[in-house]
Amino acid sequence: MKVTEHIEKAQGKTLFSFEILPPKKGDNLQSIFSNIDPLMEFDPPFIEVTYHREEYEYKETPEGYIQKIVTRKRPGTVGICAAIQHKYSIDAVPHVICGGFDKEETENLLIDLNFLGIDNVLVLRGDPIKSEGVFKPVPHGHSYANELTRQISDMNHGKYLHEEYADGATDFCIGVAGYPEKHFESPNMDTDLHYLKKKINAGANYIVTQLFYNNQKYFDFVKRCREIGITVPIIPGIKPISIKKHLTILPNIFHIDMPQELVLEVEKCKTNKEVYEVGIEWAVNQCKELMDHGVPVLHFYSMGRSENIRRIAEKLF
């Protein structure tokens, strides 16, 4: 079932969902299932699976040449999504990114997802390779998420790269990312919303936001989206703080602000165990306010851990 269909079926009730990381190279499916199992009692209608693109290493050969070697540290999402849907009979939502794929490879990936009965995708440009600093598409790849969204939308209309195939049209529900505090590469919020609208116009069906800790940022973001004609569901993304270093790590990685009240509460903590409890309490209060405002889904970024999310969900659902 599509994400948007789950939202419609809920008839205004706030749903619970979460995102998982593929395991590191060498781990197996049980490492994923052990984090999913404790959260199943809250009836998630879908689970997102992130994708980590390849990285490069440069090594000198015995002959003295410098060779670029592709390294892959985590399994891909297709097999993980298929395993989740098979074991739990709920929808898995793979991240589909621009980085590292040309259009042919993207089409082949989507054909595989469609064959497996995976109905939803979350479209992202993806991060740049660490060694490059700025995002660079591969030859014949997409530079922006709206271009990738358009390719998937075209396939939903039976338009493939080299042929039109009406009987083979896909039927993906397409999610895209939104940034209540704007994407860090955008010069201002107006420009960021302009590009978000381009993704919607290209065929996106819903939005999942970047994590945030100040609900007013989300409410203002939704208001501005509605003012420019974006009517699709906007799902808030939640990430509970769990260690004191998150005060600096999360703003640095995700380019977000931390409310001063939260900063002061965390700084008073003497141990990370105390920070963990503060993070849970803050997230519970944050989520209660969001639910009071009728958000369609509370979407949690688990980062491979589920215990604090389980404790939060216990107080909400």
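**Close-up 1. What sits over the buried side of helix α11.** In this predicted model, the cover over the buried residues of α11 includes β1 (15–20), α10 (272–292) and β10 (297–301). Helix α11 itself runs over residues 307–314, and its buried residues are Asn308, Ile309, Arg310, Ile312 and Ala313. So if you're looking for Arg310, look among the buried residues, because buried here means under 20% relative accessible area.

**Close-up 2. The nonpolar cores.** The largest nonpolar core has 62 residues, and the ones that touch the most other members are Ile20, Ile84, Val121 and Phe300. Zoom in on Ile20: leaving out residues up to four places away in sequence, Ile20 touches Ile32, Ile36, Ile47, Glu48, Val49, Thr50, Ile80, Ile84 and Ser302. There's also a second, separate core, this one of 32 residues, including Val3, Val208, Leu211 and Tyr301. As background, nonpolar side chains in soluble globular proteins tend to be buried together.

**Close-up 3. Helix α9 against helix α10.** Helix α9 (residues 260–267) packs on α10 with the axes 9 Å apart and an angle of about 155°. Angles over 145 degrees count as roughly antiparallel, so that's what α9 and α10 are to each other. Their crossing is right-handed. On the α9 side the contact is made by Glu261, Leu262, Glu265 and Val266, and on the α10 side by Val275, Val278 and Trp282. Sorted by class, that's 5 nonpolar residues, 2 charged and no polar ones.

**Close-up 4. Helix α5 beside helix α6.** Here α5 (residues 145–156) and α6 (residues 189–201) have their axes 8 Å apart, at an angle of about 10°. That makes α5 and α6 roughly parallel to each other. Ala145, Asn146, Thr149 and Arg150 supply the α5 half of the contact, while Lys198, Lys199 and Asn201 supply the α6 half. The class tally for this contact of α5 with α6 is 1 nonpolar, 3 polar and 3 charged.

**Close-up 5. Helix α7 meets helix α10.** The axes of α7 (residues 215–227) and α10 come within 10 Å and cross at roughly 30°. Since angles under 35 degrees count as roughly parallel, α7 and α10 get that label. The crossing of α7 past α10 is right-handed. From α7, look for Asn215, Tyr218 and Phe219; they meet Gln286, Glu289 and Leu290 in α10. By class, the contact of α7 with α10 has 3 nonpolar, 2 polar and 1 charged residues.

**Close-up 6. Glutamate 277 on helix α10.** This view picks out one residue, glutamate 277, found in helix α10. With a relative accessible area of 34%, glutamate 277 is partly exposed. Its partner in this view is valine 263: the two are 14 residues apart in sequence and, C-alpha to C-alpha, 14 Å apart in space.

**Close-up 7. Lysine 87 on helix α3.** Helix α3 (residues 77–88) is home to lysine 87. Is lysine 87 buried or partly exposed? At 44% relative accessibility, lysine 87 counts as partly exposed. Neighbours within four places in sequence aside, lysine 87 is in contact with Phe33 and Asp37. Phenylalanine 33 is 54 residues away from lysine 87 along the chain, and the C-alpha atoms of the pair are separated by 9.1 Å.

How values were computed: Residues numbered from 1 in each chain as written. Predicted model: local features only at pLDDT ≥ 70, side-chain atom pairs only at ≥ 80, totals over all residues. Heavy atoms only, no water. Buried < 20%, exposed > 50% of the residue type's maximum accessible area, 1.4 Å probe, protein only. Helix = DSSP H or I, 4+ residues; strand = E, 2+ residues; numbered from the N terminus. Contact = heavy atoms within 4.5 Å. Core = buried A, V, L, I, M, F, W, Y, C linked by side-chain atoms within 4.5 Å. Axes fitted to C-alpha atoms, helices over the stretch in contact; angles between N-to-C directions. Parallel < 35°, antiparallel > 145°, perpendicular 65-115°, else oblique. Left-handed = near helix turned anticlockwise from the far one by under 90°. Nonpolar A, V, L, I, M, F, W, Y, C, P; charged D, E, K, R; others polar.
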